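Biologist: I'd like a close look at one part of this protein, with enough of the surroundings to place it. Could you walk me through it?

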Amino acid sequence: MKVNQNQYQRRNTGEKTTSFKRYYDAEMMKEFEKLVKYYKKHNPRLQGEDIAVMRKSIDSFNAVYKGAQTVNTENVENQIYKKFKIPADFKGEKFIASMSALTLNIFKKLHLPLPTGIYVAPLNEHVAASCDTMDRFITFNQNGDWANSQYRAIIEKLANWSSTGHFLKTPIHEFMHSAHLANIHKIAAQKQQLVDSLHSKMLRDFLKMDFKTKMINEAGAALADPLANQKVAQKVSEYGSYTPAEMYADIGAKMITYNLDRKTVLPTRNPFVFKDFTEDKYLMKMMNDIWSGNVKDYIK
């Protein structure tokens, strides 16, 4: 099915086309249902809960996007630093500022580690956002088409490329990378303590970097174990089946977005406490292993 992205954009001429940029629109939802009908025939993994989450997300996105147009990004930056002690520079990007503030509140409520900073800068054309592996700051692509982030999230979920069709998928995914890296760094620091009393400062400095890079590189190695790859591709996403780190970030994005309230865009419960978004014990064990840096059983 060829999808015309212009269907989801309303021009200033008054043309009556559907848009993911406004409040609830019957025509827009009708187009969404057409997409669902098509992809249900081609993606047997698509479940009713997946579709329900996307319907809720469309409503949330419309309200957030409209509200973002009145946002003063400098005020948001100041509020983020005051509340979270995190520096931010949104380069005047109102919607990115709004998404970031929402995601920070979500992670704070879930008691998850927060990134060290949030920035906006030009990135590669196909990169929506990234998380720095050593310093754990998040960078959003200044050249990204953020007005259509809900549309992209839906298409990626319908095609099983992404774990969730929620419009906050990208920031939550990157924040999950940061949370994962925070724990990896903590584990690396604990290992370093074992050699601190035995080696010179020069050797300690070398080992400090080596522990971090080794664990990070392992998390970034290909997810080659056949069972792991199959489980993740089927129950999480194709993208999540690339590496342990992407599996962790994408499964976390699913667990969070599937528990967000439509109006407040805050978690209705903490899915990481009960880990009940799936009954698949293998996936939950895999997630715990990756969180702890135990990835050797899943990579090449």
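Among contacts in the protein between residues at least 6 apart in sequence, what share joins residues at least 24 apart? And once that is settled, which residues of helix H1 are buried, and what covers them?

Modeller: Sure. Keep in mind that this is a predicted model. On the contacts: of those between residues at least 6 apart in sequence, 65% join residues at least 24 apart. The protein has 11 helices and 4 strands, and 51% of its 300 residues count as buried. Its accessible surface comes to about 15,000 Å², with 51% of that belonging to carbon and sulfur atoms.

Now to H1. This helix runs over residues 26–42, which makes 17 residues. From first C-alpha to last it reaches 25 Å, close to the 24 Å expected at 1.5 Å a residue. Its buried residues are Met28, Met29, Glu31, Phe32, Leu35, Val36 and Tyr39. Look down the helix axis and those residues fall within an arc of 155°, so they line one face of H1. The general rule behind such a pattern is that an α-helix has 3.6 residues a turn, so residues three or four places apart point the same way. Turn to the face of H1 directed away from the buried side and you meet the exposed residues Ala26, Lys30, Lys37 and Lys41.

As for the cover, what lies over the buried residues of H1 includes helix H2 (48–68) and helix H5 (149–158). Both come up again, so let's follow them.

H2 first. Asp50 is found in this helix, and with a relative accessible area of 5% it is buried, because the cut-off for buried is under 20%. Leaving aside residues up to four places away in sequence, Asp50 touches Arg45, Lys157 and Tyr258.

H2 also has a part in a cavity. Searching the whole structure turns up 1 cavity of 30 Å³ or more, and about 30 Å³ of space lies in it. The residues lining this cavity are Val53, Lys56, Ser57, Ser60, His166, Thr257, Leu260, Asp261 and Arg262. H2 supplies the largest share of that lining, 4 residues.

H5 takes us to the largest pocket, which has a volume of about 820 Å³. Its lining counts 35 residues, and Val127, Ala128, Ala129, Glu174 and Tyr239 are the ones nearest its centre. The elements that give two or more residues to this lining are strand S3 (129–131), H5, helix H6 (169–196), helix H7 (201–219) and helix H9 (244–257). H6 gives the most, with 8 residues.

For another helix to set beside H1, try H4, at residues 94–109. H4 has 16 residues and reaches 23 Å from its first C-alpha to its last, close to the 22 Å expected at 1.5 Å a residue. Its buried residues are Phe95, Ile96, Ala97, Ser98, Met99, Ser100, Leu102, Thr103, Leu104, Ile106 and Phe107. Just after H4, His111 takes a positive phi of about 60°.

Two lysines are worth a check of their backbone angles too. Lys85 lies in the loop between helix H3 (73–84) and strand S1 (88–89). Its phi is near 60°, a positive value in a residue other than glycine, and at 55% relative accessibility Lys85 counts as exposed. Lys91 sits in the loop between S1 and H4. There phi is near 55°, again positive in a residue other than glycine, while a relative accessibility of 45% makes Lys91 partly exposed.

One last stop, toward the end of the helix numbering: Met284 is in helix H11, residues 281–291. Met284 is buried, with a relative accessible area of 9%. Its C-alpha is separated by 9.7 Å from that of Ile251, and the two residues are 33 apart along the chain.

So, back to your part: H1 has one face lined by its buried residues, with H2 and H5 among what covers them, and Ala26, Lys30, Lys37 and Lys41 exposed on the face turned away.

Terms used:
Residues are numbered from 1 along each chain as its sequence is written. This is a predicted model: local features need pLDDT of at least 70, side-chain atom pairs count only at pLDDT 80 or more; totals for chains, interfaces and linings use all residues. Side-chain values use heavy atoms; hydrogens and water are left out. The expected span of a helix is 1.5 Å times one less than its number of residues. Buried means under 20% relative accessible area, exposed over 50%, partly exposed in between (1.4 Å probe, protein chains only). The arc is that of the directions from the helix axis to the C-beta atoms. Contact means heavy atoms within 4.5 Å. Accessible areas come from the Shrake-Rupley method with a 1.4 Å probe; for residues, only the protein chains shown count as cover. On a 1 Å grid over the protein atoms alone, a cavity is a set of points where a 1.4 Å probe fits but cannot get out, and a pocket is an open set with protein on both sides within 12 Å along at least five of seven lines; lining residues have an atom within 4 Å of a point. Grid points are joined across faces, edges and corners, and a volume is the space filled by probe spheres set on the points.
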